Amino acid sequence: MARIATPFGPKTTAAEVARGIDLSGRAVVVTGASSGIGVETARAMALTGARVTLAVRNDALGSKVAHEIAAATGNRNVRAAPLDLSDLDSIREFSRAWEGQLHVLVCNAGVMALPLQRTARGWEMQFATNHLGHFALASFLHGALAADGNARIVSVSSSAHLLSALDFADIHFTRRPYDPLLAYGQSKTANILFAVGVTERWRRDGITANALMPGAVATNLQRFNGGIRTPPERRKTPEQGAATTVLLATSPLLEGVGGRYFEDCNEAKPLDEETETMRGVAAYALDGRNADRLWDESERLTA
């Protein structure tokens with residue numbers, strides 16, 4: 001398959017990608033949209049005329065951000081709703097309250113390099129929040145996505161997937177020593193494999209999914225990792241960091257396309273073709289067998 005190339009690049013902003021896109025009346029959910037690139041993703045999606053729901057842990061902050069986006073874009077169909085991706089009950093409540101079709105689900109929320117924490121079910125927190133929560137959310141909203149007939153899921157991953165494949169024998173670090181960055185890395189690998197799995201299983205329902213690396217953006221995400229360390233010349237603004245997400249959510253070039261990984265608004269090269277550090281996509285992150293194994297385990301855990 002030829003890699004998908006676009007006229008956009010690393011300095012493109014989300015608003016530039018969204019320009020000329022009309023999603024009037026279509027429903028969009030963006031998780032983690034109360035800060036960082038999530039806010040800019042939601043703002044750009046609002047510019048398309050979509051009905052945008054900010055799925056956030058802090059409902060008060062989310063409502064404030066939704067009001068600001070509505071005022072700035074002139075789109076009154078922007079709202080916030082509470083969602084804790086580490087809590088299956090919260091995910092069920094959000095999903096049960098959803099009404100109508102869903103055109104785009106942006107799985108943006110995430111945590112990075114946490115000290116060891118576990119959910120009430122004993123799951124390692126980064127894997128639980130970054131992958132399992134989004135897996136459960138998409139599964140519970142499958143009917144709404146299928147009803148749209150041409151829905152997209154956007155899975156925000158990271159170049160950190162290159163740090164670790166999935167250790168299926170010990171995903172939750174119950175036997176091996178806990179390493180915050182390895183835990184983050186395997187959760188980001190899971191984000192890509194999730195896109196592969198969705199496309200394989202749900203394409204017949206008109207649902208496709210792709211994953212992406214947003215780029216190096218200074219946000220609250222790095223608070224447990226000593227702050228951003230990427231050289232200044234390679235950093236992006238939040239508006240630039242949200243561009244690839246908005247591309248995957250809206251571009252006609254992605255019509256019917258799924259199971260791929262993008263960076264800087266273009267499909268990434270396989271790792272063995274890329275020489276620059278921490279760029280490209282690892283083969284294990286696109287492997288269909290790994291995607292199947294992860295899907296089965298995710299279903300078992302969240303059932």
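These legends accompany an overview and close-up views of a predicted model.

**Figure 1. Overall view of the 303-residue chain.** The chain holds ten helices and ten strands. Its C-alpha atoms fill a box of roughly 50 × 40 × 40 Å along the principal axes. The radius of gyration is 17 Å. A compact globule with 303 residues would have a value near 19 Å, so the chain agrees with that expectation.

**Figure 2. Burial, surface and contacts across the chain.** Buried residues make up 56% of the 303 residues. The chain exposes about 12,800 Å². Carbon and sulfur atoms supply 49% of that area. Among contacts with a separation of 6 or more, 76% join residues 24 or more positions apart.

**Figure 3. Close-up of glycine 32 in its loop.** The loop runs between β1 (27-31) and α2 (36-47). Is glycine 32 buried or exposed, or something in between? Its relative accessibility is 23%, and therefore glycine 32 counts as partly exposed; the cut-off for buried is under 20%. Leaving aside neighbours within four places in sequence, glycine 32 is in contact with Gly38, Ala55, Asn108 and Ala109. Alanine 109 lies 77 residues away along the chain. Even so, the C-alpha atoms of glycine 32 and alanine 109 are separated by 4.0 Å.

**Figure 4. Close-up of threonine 208 in strand β6.** The strand covers residues 207-213. Threonine 208 has a relative accessible area of 8%, so it is buried. Which residues does threonine 208 touch, not counting those up to four places away in sequence? One run of partners is Ala151, Arg152 and Ile153. Val198, Thr199 and Arg203 are also touched by threonine 208. Gly256, Val257 and Gly258 complete the list.

**Figure 5. Close-up of the second largest pocket.** The pocket has a volume of about 320 Å³. Its lining is formed by 17 residues. The closest to the pocket centre are Met1, Arg260, Glu267, Pro270 and Leu286. What is the make-up of the lining in nonpolar, polar and charged residues? Nine of the lining residues are nonpolar, three are polar and five are charged.

Technical notes: Residues are numbered from 1 along each chain as its sequence is written. This is a predicted model: local features need pLDDT of at least 70, side-chain atom pairs count only at pLDDT 80 or more; totals for chains, interfaces and linings use all residues. Side-chain values use heavy atoms; hydrogens and water are left out. Helices (H or I, at least four residues) and strands (E, at least two) are DSSP runs, numbered from the N terminus. Buried means under 20% relative accessible area, exposed over 50%, partly exposed in between (1.4 Å probe, protein chains only). Contact means heavy atoms within 4.5 Å. On a 1 Å grid over the protein atoms alone, a cavity is a set of points where a 1.4 Å probe fits but cannot get out, and a pocket is an open set with protein on both sides within 12 Å along at least five of seven lines; lining residues have an atom within 4 Å of a point. Grid points are joined across faces, edges and corners, and a volume is the space filled by probe spheres set on the points. Ala, Val, Leu, Ile, Met, Phe, Trp, Tyr, Cys and Pro count as nonpolar, Asp, Glu, Lys and Arg as charged, and the others, Gly among them, as polar. The radius of gyration is taken over C-alpha atoms; the globule rule is 2.2 Å times the number of residues to the power 0.38. Accessible areas come from the Shrake-Rupley method with a 1.4 Å probe; for residues, only the protein chains shown count as cover.
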